[in-house]
Amino acid sequence: MKKAVILLAVFTTFYCVKAQTNEDKKMDSFITELMKKMTIEEKIGQLNFPGGGDVVTGQAKNSNIADKVRKGNVGAILNLKGVGKIKEIQKVAVEESRLKIPLFFGLDVIHGYETGFPIPLGLAATWNIKGIEQSARIAATEVSADGINLTFSPMVDITRDARWGRVSEGSGEDPFLGGEIAKALVRGYQGDNTFKKNTEIIATVKHFALYGASESGLDYNTVDMSHQRMFNEYMYPYKAAVDAGVGSVMASFNDVDGVPATANKWLLTDVLRKKWGFKGFTMSDYTGVMEMVNHGIGNLQTVSARALKAGLDLDMIGESYLATLKKSFDEGKITEADIDKSCRYILEAKYKLGLFTNPYKYIDTKRPAKEIYTKENRDFARKIASESFVLLKNENILPLKKQGTIAVVGPLANTRSNMPGTWSVSVDLTKPATLVEGIQSVAGKNVKVLYAKGSHLTADAELEKRVTMFERGLGRENEKRTDEQMIQEALDVASKSDVIVAALGESSEYSGESSSRTDLNIPDVQQKLLAELLKTGKPVVLLVFDGRPLSLSWEKKNVPAILNVWFGGSEAAPAIADVLFGDVNPSGKLPMTFPQNVGQVPIYYNHKNTGRPLPEGHWFEKFRTNYIDVSNEPLYPFGYGLSYTNFEYGDITLSKNSIQENESLTASINVTNKGSREGQEVVQLYLRDVEGSITRPVKELKGFEKITLKPGETKTVTFKITPELLKFYNSDLDFVAEPGDFDIMIGTNSQEVKKSSFSLK
Ligand code: BGC
């Protein structure tokens, strides 16, 4: 056994040396020569990543950046906006610093730049992998036109706890879907990974690792989980991004196995570099290095040295490396080799971006006017937004007719700045259309649109301030009407209308970073407004704005039509109208389970069985796994979403009933559009490993295909099932497929499926 391992190691080394291209060799010798000229201070300078402050993404700020650049104390800068400013500071680096090393520039381009796409959870709801890739391509083109060549996306943290505000930034609860999206986003930002074009930028996969599992859904909180769960359920999307060649990895704020990710050698070196072969650079999150003092693992000097030795290359915002690494070096606590290793990764990134050849590659002051917020980009944003909305319920109300009078009511009905959603830091918030405008423009002249706000966002004025920060205020300061008067106004408007569209839910900043909630309902005064609107007896369409799954139990029972619209980006309003009036048939599917109430959280479809599972069809039995007050069922399951047409699934046909280790089989199913409109359907494949050496989930998504069907049309969807798809990490953390029986399920969501089975011999 040992011999085999040694042989493999020799082979790997040989192969790696052989695999080094001429370009790699050229890069290596260029950097080696450059590093020979660098002082220790200049090498440490390359690891410093201060922020420019044009865009606010955290509490801390940096000062005297130009001066530090001049002295060779800065490797890269984040949060600068505008190609002119970037040009100026790059000029300082390449003309005034001793070694003239260029800088690179980072920004949070999370779901678009000035053209805003749906929040990532909404993008995930499209299940449109090509479309998601295209959104990243457009974002990279726009932001690179403004001088930026590094983004902090994709965020691929698996999220099962809707209380956590940052579920809005990721792809939801499923590793497979998350992995597909991670790869698509990397391709979109980085192209073919050669950075030949100045529209291709470095992507950063984050937050490595497990940030989505913060205890209690509380932001930045402790994470503690078994390695089996880690590798089987949480690591997959990070690894998918690494496999796709992502250029950079951001360490998460949380701890993993008791060590903050920022200084976790096992994570950053053993897993990321040695196991997964990551070749790019790592960075801390915001002030992640210095925050480890609060974590209680040492003073600033100690935590900085620990981070460097663990494999953390770039120190974002905190300037802890700059303040302490030289001292640690002088005291023999870190070596020059430790510093060199990280410095080399940063210089390699600059080399790969082509900045040593042309430091102004991404600086072309003519590009912004031509490439940012173009009609073409906005048209695409509108299209992908309309695909992200999830129709949760529809009792023959939608689509609306383009005639009569429509009351558009609610605190989200007449706001621009709350349309794009959290982390749309570069969208000009005065530009997006309001929902009222979007509806009027799509409905046309034959429709009269009436508006009333109807209620505040929440009765709690302090909470309202918190969730409308960053210029997203909803005008309470100037509000003279009482709550009763606001409702009355809405009822007056409703009484003059044929149908009511209620725009309720969360504002942009109700979710996102540092926006955890303990309550998942539509806020108090808004619910009251909704109840009053329903009492009018007029048809009500509820548009739910949210950055997370909300618990909509009361709404499901009482409202005839519900469309979940997340935050759809800069073109959200017309896109919503496109779906309301049926110009677009909704096709979004939930990437996260919607709970009945907050007490069910974390709730996710790919859970395991206990020894006392509740028998199917029951909702309570004594001494079984259940609550006494609410059933185990989700309100809406993972993968759920309706259409204006309906699809019928045939039975599953397997090409064979068993396979050997080196074989595969196909599973086919016919899907027919039974309605009278063309529609898109996401056909979902789930597998269950019936008996394993460790406990296995009751089902896992392993494939999906989004198809378009004309009325009456049938398509056969075929999935290939290979032993690779059956693999999981066993108790020794070996990635294996175990012989035995497997259930195969194909359907329209994670619950409504057709079943069959096969075995691996
Ligand atoms: C967030 C990151 C983000 C970074 C830079 C942090 O607070 O956690 O997701 O990329 O700020 O703005």
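Where does P602 lie? You will find P602 in the loop between α23 and β17 (647-649). Keep in mind on this tour that the model is predicted.

**Stop 1: two cis peptide bonds**

Select V601 together with P602. The peptide bond that joins them is cis, with omega at about 0°. Now jump to F208 and A209, where another cis peptide bond awaits, this one with an omega of about 10°. A209 belongs to the loop between β5 and α9 (227-234). As background, most peptide bonds are trans, and most residues other than glycine have a negative phi.

**Stop 2: two residues with positive phi**

Stay in the loop between β5 and α9 and pick S216, which lies there too. S216 is not a glycine, yet its phi is positive, near 65°. Is S216 buried or exposed, or something in between? Its relative accessibility is 46%, so S216 counts as partly exposed.

Next, select W566, in the loop between β16 (561-564) and α23. Here too phi is positive, about 50°, in a residue that is not a glycine. W566 is buried, with a relative accessible area of 0%.

**Stop 3: the cores**

From W566, move to F545, which has W566 among its contacts. Leaving aside neighbours within four places in sequence, F545 also touches L412, M419, L435, A503, L504, G505, E506, L550, V565, F567 and I576. F545 is one of the residues with the most contacts inside the largest nonpolar core, which has 212 residues. To see others of that kind, select F104, F208, M235, F281, L400 and L580. Apart from this core lies another, of 23 residues; L709, V717, L726 and L760 are among them.

**Stop 4: strand β6 and its partners**

Select residues 248-251, strand β6. Which residues cover its two faces? S248 and M250 are on one side, V249 and A251 on the other, and all are buried. As a rule, the side chains of a regular strand alternate between the two faces of the sheet.

Add strand β5 (residues 204-208), which runs parallel to β6 and is joined to it by 3 bridges. In this pairing F208 stands opposite A251. Then add strand β9 (residues 281-283), also parallel to β6 and joined to it by 3 bridges. The bridge partner of V249 in β9 is T282.

**Stop 5: a sheet of 3 strands**

Now show β2, β3 and β4, which form an open sheet in that order with parallel pairing. β2 (76-78) and β4 (150-151) are at the edges; each has a single partner strand, so one side of each is left without a neighbour in the sheet. Between β2 and β3 (residues 104-107) there are 3 bridges, and I77 has F105 of β3 as its bridge partner.

**Stop 6: strands β12 and β13**

Select residues 404-409, strand β12, where 5 of the 6 residues are buried. Strand β13 (residues 447-452) pairs with β12 in the parallel sense over 6 bridges, with T405 opposite K448.

Beyond β13, pick D460 in the loop that leads to α19 (461-466). D460 is partly exposed, at 36% relative accessible area. Try a C-alpha to C-alpha distance from D460 to V525: the two are 65 residues apart in sequence and 9.3 Å apart in space.

**Stop 7: helix pairs**

Show helix α17 (residues 375-388) and helix α23 (residues 572-580), whose axes are 8 Å apart at an angle of about 50°. That angle makes α17 oblique to α23. R382, A385 and S386 of α17 make the contact with P574, A575, D578 and V579 of α23. The crossing is right-handed.

For another pair, select helix α7 (residues 129-145) and helix α8 (residues 175-190): their axes come within 7 Å and cross at roughly 35°. This crossing is right-handed as well. Residues that meet here include I129, I132 and A136 in α7, and I181, A184 and L185 in α8.

**Stop 8: a sheet of 5 strands**

Finish with the open sheet ordered β19-β27-β26-β21-β22, in which the pairing is mixed. Its edge strands, β19 (658-659) and β22 (700-709), each pair on one side only. Inside the sheet, select β21 (residues 679-689) and β26 (residues 740-747), which pair in the antiparallel sense over 6 bridges. Here L687 has I744 of β26 as its bridge partner.

Key
Residues numbered from 1 in each chain as written. Predicted model: local features only at pLDDT ≥ 70, side-chain atom pairs only at ≥ 80, totals over all residues. Heavy atoms only, no water. Core = buried A, V, L, I, M, F, W, Y, C linked by side-chain atoms within 4.5 Å. Buried < 20%, exposed > 50% of the residue type's maximum accessible area, 1.4 Å probe, protein only. Contact = heavy atoms within 4.5 Å. Pairing = 2+ DSSP bridges. Helix = DSSP H or I, 4+ residues; strand = E, 2+ residues; numbered from the N terminus. Axes fitted to C-alpha atoms, helices over the stretch in contact; angles between N-to-C directions. Parallel < 35°, antiparallel > 145°, perpendicular 65-115°, else oblique. Left-handed = near helix turned anticlockwise from the far one by under 90°.
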